[in-house]
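Dear colleague,

I am handing over the structure we spoke about, with the sequence alongside. Please look through it first; my notes on what was found follow below.

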Amino acid sequence: MIEEYFFTCPYCWQRISVLLDLSTPEQTYIEDCEVCCRPIRIRYAAVQDEVVDFAAESIEQ
Ligand SMILES: [Zn+2]
């Protein structure tokens, strides 16, 4: 199951969305913000097609 998940970009604070594949119980990957194009580390966990944990973090020091 693919779900569109909305969150706030840690750089530009715009509300953006990602598509999460909820058939994978846990994933971490880098995705560029669709507004400011800076890399965001997306981390999430899913249980029975429900997002139970989600984090979007800046990877820049
Ligand atoms: Zn952004």
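To begin with one pairing, Glu 3 has Leu 20 in strand 2 as its bridge partner, where strands are DSSP runs (E, at least two residues) numbered from the N terminus, helices being runs of H or I of at least four residues. Please bear in mind that this is a predicted model, in which local features need pLDDT of at least 70 and side-chain atom pairs count only at pLDDT 80 or more, while totals for chains, interfaces and linings use all residues. Residues are numbered from 1 along each chain as its sequence is written.

The pair Glu 3 and Leu 20 belongs to an antiparallel arrangement in which strand 1 (residues 2–8) and strand 2 are joined by 7 bridges; two strands count as paired if DSSP finds at least two bridges between them. The hairpin that these strands form has 6 residues between the strands, and Trp 13 there takes a positive phi near 60°. Strand 2 (residues 15–21) is hardly covered, since the count of buried residues among its 7 residues is 0; a residue is called buried if 20 or more other C-beta atoms lie within 10 Å of its own, exposed if 12 or fewer, and partly exposed in between, with C-beta atoms placed from the backbone.

The other strands make an open sheet of 3 strands in the order 3-4-5, with antiparallel pairing. Its edges are strand 3 (26–32) and strand 5 (50–58), each of which pairs on one side only. Strand 3 is joined to strand 4 (residues 39–47) over 7 bridges in the antiparallel sense, and within that pairing Ile 30 has Arg 41 of strand 4 as its bridge partner.

Strand 4 also holds Ile 42, which is partly exposed, with 18 other C-beta atoms within 10 Å. Leaving aside neighbours within four places in sequence, Ile 42 is in contact (C-beta atoms, placed from the backbone, within 7 Å) with Val 18, Thr 28, Tyr 29, Glu 31 and Ala 56. Val 18 and Ile 42 are 24 residues apart in sequence, and their C-alpha atoms are 8.9 Å apart in space.

Taken as a whole, the protein has 0 helices and 5 strands. Buried residues make up 5% of its 61 residues, and the C-alpha trace spans about 30 × 20 × 15 Å along its principal axes.

With best regards

Key
Two residues are in contact if their C-beta atoms, placed from the backbone, lie within 7 Å.
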